[in-house]
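Here is a friendly walk through a protein model. Have a look at it first, and then read on.

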Amino acid sequence: MRLLVKGQPQGREIVSVTPQSAGWKFVGFAAYRLAAEERIRFDTAEREICIVVLRGVVSVQTGDHSWKEIGERDSVFDQVSPYSVYVPHHHAVTITAHKDAEIAVCSAPGNSDLDARLIEPAMTTRSVRGRGSNTRYVCDILPQTAAADHLLVVEVVTPAGHSSSYPPHKHDTDNLPQESFLEETYYHRLNPPQGFAFQRVYTDDRALDEAMAVENHDVVMVPRGYHPVVAPHGYDSYYLNVMAGPKREWHFKNDPAHEWMLQR
């Protein structure tokens, strides 16, 4: 499965995807688990980043900015939005955990002199998408209406037995305003954690067609094609999406074979 990156069950680095490892140009993603008082440092170099506090409490320092003890979730499945921090290119960053924590570092090329900023839960947009067994719960962390160069970040919780990113849609063609080209990663979490979900990535001509069983902490890379997710009975699904492309707009095309269900 060349699109599936397995998460590590132990150690600080859970999973990492770089443009080099993915064989694409824009999206980078990493997730880390930090013990209380553990610290991680890095430089954003030529990239902008969005740090998402998935669970736990951390402090973030970059340049003249310092945000102390941010984060209030014990689980990504808590019904509250995360704290996040946006950091532009050419910044040194230090993250310190104050209790056991899990953080995501989402990245894309950066070139603007934007200010680093805290994204508080109240600044995110929560919505319900779909209906019936296609219902899922969306939190826009860094949408296209917020300042950034290329990066888009959103998290989704899908109840057990439901479908998500469904009907299947794609955004792999630079054809605005009908469709935009965006690479994407899915960082999966399951509740209870021993569960699994299914994700398929496929193109119209089936030149790309992979169906994957994803487990807790796995990443699925979506370079192109449709990419639906299904959560089996008994296991709620969470995923954090990172998208980026040449233009910072999200316009997608549904698979025509399955678009009929939107008319029901």
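The report below goes from the overall picture to individual strands.

## About the model

This is a predicted model, in which local features need pLDDT of at least 70 and side-chain atom pairs count only at pLDDT 80 or more, while totals for chains, interfaces and linings use all residues. Residues are numbered from 1 along each chain as its sequence is written, and side-chain values use heavy atoms, with hydrogens and water left out.

## Overall build

You will meet many strands here: the protein has 25 of them and 1 helix. Both are DSSP runs numbered from the N terminus, with helices (H or I) of at least four residues and strands (E) of at least two.

The C-alpha trace spans about 50 × 40 × 35 Å along its principal axes. The radius of gyration of the protein is 18 Å, which agrees with the value near 18 Å for a compact globule of 264 residues. That radius is taken over C-alpha atoms, and the globule rule is 2.2 Å times the number of residues to the power 0.38.

## Inside and surface

Of the 264 residues, 55% count as buried, meaning under 20% relative accessible area (over 50% is exposed, in between is partly exposed; 1.4 Å probe, protein chains only). Contacts are heavy atoms within 4.5 Å. Among contacts with a separation of 6 or more, 74% come from residues 24 or more positions apart.

The protein exposes about 11,700 Å², and carbon and sulfur atoms supply 49% of that area. Accessible areas come from the Shrake-Rupley method with a 1.4 Å probe; for residues, only the protein chains shown count as cover.

## An enclosed strand

Let us turn to strand 5 (residues 47–55). Because 8 of its 9 residues are buried, strand 5 is largely enclosed by the rest of the structure.

Strand 5 runs antiparallel to strand 10 (residues 101–109), joined by 8 bridges, and V52 stands opposite A104 there. With strand 8 (residues 84–87), strand 5 shares 4 bridges, also antiparallel; in this pair I51 stands opposite V85. Two strands pair if DSSP finds at least two bridges between them.

## A seven-stranded open sheet

Elsewhere in your view, 7 strands form an open sheet with antiparallel pairing, in the order 1-22-19-24-14-13-12. Strand 1 (4–5) and strand 12 (125–129) are the edge strands, each pairing on one side only.

Within this sheet's order, strand 14 (residues 152–158) and strand 24 (residues 236–244) run antiparallel and are joined by 7 bridges. Here V157 stands opposite Y238.
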